[in-house]
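Student: Could you take me slowly through one part of this protein, the open sheet, and then show me what sits around that part?

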Amino acid sequence: MSGQATQARSAMLVTGCAVLGLLGSMVGLSVLGAAEQEQDAAPVGFATTFDSGRVPAEFVPWIGRAARQCAEVSAPLLAAQIEAESGWNPSAVSPADARGLSQFVPGTWATWGVDAAGKDGSARPDGVADPFTPGDAIMTQARYDCWLADKVKRMNVGGDPTRLMLAAYNAGPGAVERFGGVPPYPETQAYVAAIIASMANYTDGEPAETGGAFGERVVAAARKWLGTPYSWGGGGPEGPGRGFAQGANTVGFDCSSLVQYAVYQASGGEILPPRVSQLQVTAGKAVSRDEMRPGDVIGFNLHGSYDHIGIYIGHGQFIHAPKTGDVVKISNLGEPYYAGRPQKVRRFG
């Protein structure tokens, strides 16, 4: 589905550790004022980092040109984003009327559309900014990405700038600001994760080694947030975030977002568990309690469903985000509150 969430969409979300009803409408993007001038930045590593082998040849020069607009927007990112948006189909039209390679809806295109190319494929403007003209679409995509990158940087919400920019492209910058990071919308989280993972397909060289056993990396990722406040509906694969309802004024994690974060980070962005505990206990591989090892996740049926989840760290202990007013901490499986409850163990990676 296209980015620039220009139409209000509501989402029914079941957060980890509790069931939440209507999340509310996703914020539509509002762009004020005239379009800004294109930035004339130096090339951003196009010659040394971009692997264009998977890109249709006619689009390669435009991605190279577009990647020069700002330091935050690279050629691999643009390529991965186009793959996610349209699958390289310049004639694509979504059910929301998002159009072209970069899937702009008409309202956003009216503000940001760039006349950079001719419909005949030439590199000469033809007087019309057209989302179905690949050169126009790619240059507009980069221009808009650069504007979003600057906007989220000025929000000072924390988190990886690239992921925040992509989240803003999909859900609107207002949603990023409201949640203090990547919004907890499943569509947006999946969109960001897919593009980050796909960037490796358009980058020269081998991915960096993550080191250590997978389970150890899961535990390490969770441990570094010990003491972080519990925030109902807050957090996600990028890190802590502002929640909603009773978590509206708190930046932190709830139980399932901590699990999602730790597994996502441990896998280098390749594994994104579901957002909610009730679904996390159905993902990955089932493991018996006797076979449990550090890094496995363990769900607890506390109130009629698997509404709490944590990460086993060994020696009968697990790390979790328990409840409002508490913090990410280590608890014992032998505690009566947890020991007597139905449990499920899952292994990712």
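Tutor: Let's start with the sheet and then work outwards to the helices, the disulfide and the rings.

First, some ground rules: this is a predicted model, where local features need pLDDT of at least 70, side-chain atom pairs count only at pLDDT 80 or more, and totals for chains, interfaces and linings use all residues. Residues are numbered from 1 along each chain as its sequence is written, and side-chain values use heavy atoms, with hydrogens and water left out.

Okay, the sheet. Helices (H or I, at least four residues) and strands (E, at least two) are DSSP runs, numbered from the N terminus, and two strands pair if DSSP finds at least two bridges between them. In general, strands of a sheet pair through backbone hydrogen bonds, either parallel or antiparallel. Here you have six strands in an open sheet, and if you walk across it you meet β5, β10, β6, β7, β8 and β9 in that order, with antiparallel pairing. At the edges sit β5 (285-287) and β9 (329-332), each pairing on one side only. From one strand to the next, the twist averages 40 degrees.

Now zoom in on one pairing. Strand β6 (residues 297-300) joins strand β10 (residues 343-347) in the antiparallel sense through four bridges. There you'll find valine 297 opposite arginine 346 in β10.

Two helices keep the sheet company. For these, contact means heavy atoms within 4.5 Å, while axes are lines fitted to C-alpha atoms (for helices, over the stretch in contact) and angles run from 0 to 180 degrees between N-to-C directions. Helix α9 (residues 214-223) packs on the sheet and touches β7 (308-314), β8 (317-320) and β9, its direction making about 115 degrees with that of β7. Helix α10 (residues 255-266) lies across β6, β7 and β8, at about 45 degrees to β7.

Follow α10 away from the sheet and you reach α6, whose buried residues pack against α10 as well as α3 (75-86), α5 (134-155), α7 (173-179) and α8 (186-198). Buried means under 20% relative accessible area, exposed over 50%, and partly exposed in between (1.4 Å probe, protein chains only). Nine of the 11 residues of α6 (residues 161-171) are buried, so this helix is largely enclosed by the rest of the structure. Just after α6, glycine 172 has a positive phi of about 100 degrees.

Helix α5 brings us to a disulfide, which is a pair of cysteine sulfur atoms within 2.5 Å. Cysteine 70 and cysteine 146 form one, with their sulfurs 2.0 Å apart. Cysteine 70 is in the loop between α2 (60-66) and α3, and cysteine 146 is in α5, so the bond links distant parts of the chain, 76 residues apart. Both cysteines are buried. The torsion about their S-S bond is about -95 degrees, so the disulfide is left-handed.

Last stop, the rings. Those of Phe, Tyr and Trp (its six-membered ring) pair if their centres lie within 6.5 Å; planes under 30 degrees apart are stacked, over 60 edge-to-face, and the rest tilted. The whole structure has 19 such aromatic pairs. In one of them, tryptophan 225 and phenylalanine 253 have ring centres 5.7 Å apart and planes at 65 degrees, so the pair is edge-to-face. Tryptophan 225 counts as partly exposed at 23% relative accessibility, whereas phenylalanine 253, at 0%, counts as buried.
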